[in-house]
Structures are given as C-alpha cells and as structure tokens.
Amino acid sequence: MRLTPRYGGPPILDLGGAVGVPAEPLLRQRRRLAAVLGGLDEDAWAAASRCEGWTVRDVVAHLVTTNQFWALSVGAARAGEPTRLLATFDPVATPAALVEATRSQPAAEVLAAFVESNDALATAVAGIDGDGWSLPGEAPPGHVPLQAVALHALWDAWVHERDVVLPLGLAPVEEPDEIAGCLAYAAAIGPVFALTRGTDRRGAIVVEATEPDLRLVVEVGDAVIVTADDAPAGALRLAGRAVDLVEGLSVRAPLPCPVPDGDRWLVQGLVDVFGGAS
C-alpha cells in the first residue's frame, strides 16, 4: 500500500491557532528520549517495544530515518521547494526495510545517529517564527504548513517514545504542551487520511480532554480544520484523559469512549493507511 499525499492547491490540513508554536516541544521530546536511551544497557536495547516485531533498538533506528526526512522536508520548505518524496512511499514496507538494513549496527552507533539526527532537525527548524510556520512542507498528508509538519514529527516520536519506555517499566514524561500538540494532530490525522484516500464524507469531532484541559473541534470538509470554536450539531464527541485519547487515536490502546459505527471512519484513518502503525 502507498500513501496518497495531496500536493498543490489549498492544504488539506489547517491547525490554525488551535495549537502553539511546535519547535520547543518537538526538540525537547527528542532530547529527553536521547537522555533516556543513553542510560539503557544492552538487554534493554534488545527488549521488545510496543511495535510488533521491533526491539527498542529498532524503534530508535526508525526514528533516525524519520528525523532525517523531517530535517530534509523543513529545509526544502524554507528554500521554497517543498519535497514530494512520499508520493511512492509504502508506510508499512519501507520503514520495515530501512530498519532491517540497520540490524547489524550496535546500539551505541544507533544512539549516536539518533543524537546527530536530533541536532540536524534542530538546525532545520532554528529561527522559524511567525509566517514561517505557514510555509508548505511535506508530511504524509502531502504539502501542509510547516506547523503541521512539525506536529506530525512530534506526535510520531512522542508515541514511539512510549513504545520504548512503557515496556521497559519506565515512567513516561508527560509535558502538557507536547500532549496538547499530539492530541490535536492525532485527532486530525485520521480524517486527513480519509480525505487523501478519496472519501466524500463530511463530519466533525469535538475533543474534550483533561490533564491538560483541552477542547478542540475537528471539522472535515474539503480539508480538515482544527479550531477551538463551537462544535457543529452531530459531531462525534471524544472525551477523557488527554494521554489516553492520544493513545487511542494512535491505535496503541482502546479509545476511552465509545465511537458509533457511523462515525468510526473519523478515527480509522491510521488503520486504513498504516495498518495501525504510526
């Protein structure tokens, strides 16, 4: 299966003012994970993660390649030439093949590569402010504002951090701004993928979260727009602890609230595109 990113025309995703500037949480999360990884022994690196068939080492090797892509995407966007590398990307087979190619690397080399890729990403986003976050860049949905590119990168690595630390019995750090950004993106990405795959359905989600307290509305039309406005009549209501909602929307755990069959398409996009992997 391949992604079906939308290039050209109005962006398929508009996060507007629903979330803040993503640079600080984006980089903080990666540096925190690098510090945790630096304290692991060989047995921990070889332990199973929450990603089926992947060890801790495999998840980190995957994050090296995603960091490299994000840095390239951001740099190209800032140069006014957004990439189109994902037009032929298989979101299941390609990451697995890239991880397999690194299996001979010792954990220390994988960690060093991860730290280096974090630094490259930090360099790529350095100095972006104001309208810079509106520049079009590439992410799996296609060409979207750099704000959304950074939030996809944050959400993906935040979930993978938990994929690593939870099976090891470590307590994950839960920073409110990271959780808020991840929840906004996780709520939007399912409908975005439904649109890129050609659905003509229309709908809305209202997210009412605690820890941190957060209310978002995701409206699905020709594009997906995330706001803090009033929810339209008939919107799917997702309520619960914010971390539990991110876990559910990211297909790591059941959602903490029921979803009617008629609204399931609004939260099914990851399963349809990635088979549940993010």
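**Figure 1. Salt bridges in the predicted model.** This predicted model contains 18 salt bridges. Three of the pairs are shown in the views that follow.

**Figure 2. Arg28 and Glu24 in helix H1.** The side chains of Arg28 and Glu24 form a salt bridge, with N and O 3.3 Å apart. About one helical turn separates Arg28 from Glu24, because they stand four residues apart in helix H1. Arg28 is partly exposed at 22% relative accessibility, while Glu24 is exposed at 55%.

**Figure 3. Asp222 and Arg202, a salt bridge between two loops.** The closest N and O atoms of Asp222 and Arg202 are 2.8 Å apart. Asp222 sits in the loop between strands S5 and S6, and Arg202 in the loop between helix H7 and strand S4, so the pair ties together parts 20 residues apart in sequence. Asp222 is exposed, with a relative accessible area of 60%; Arg202 is partly exposed, at 44%.

**Figure 4. Arg241 and Asp244 in a salt-bridge network.** In this pair the closest N and O atoms are 3.7 Å apart. Both residues are partly exposed: Arg241 at 26% and Asp244 at 32%. Shared partners link them into one network whose members include Arg50, Arg162, Asp163 and Glu174.

**Figure 5. The buried face of helix H5.** Helix H5 covers residues 107-125, and its end C-alpha atoms are 27 Å apart, in agreement with the expected span. Its buried residues include Val110, Leu111, Phe114 and Leu121. Seen down the axis, the buried residues of H5 fall within an arc of 155°, so they line one face of the helix. They pack against helices H1, H2 and H3. Ala108, Glu116 and Thr123 are exposed on the face turned away from the buried side of H5. Just after H5, Gly127 has a positive phi of about 85°.

Key
Residues numbered from 1 in each chain as written. Predicted model: local features only at pLDDT ≥ 70, side-chain atom pairs only at ≥ 80, totals over all residues. Heavy atoms only, no water. Expected span 1.5 Å × (residues − 1). Buried < 20%, exposed > 50% of the residue type's maximum accessible area, 1.4 Å probe, protein only. Arc of directions from axis to C-beta. Contact = heavy atoms within 4.5 Å. Salt bridge = Lys/Arg side-chain N within 4 Å of Asp/Glu carboxyl O.
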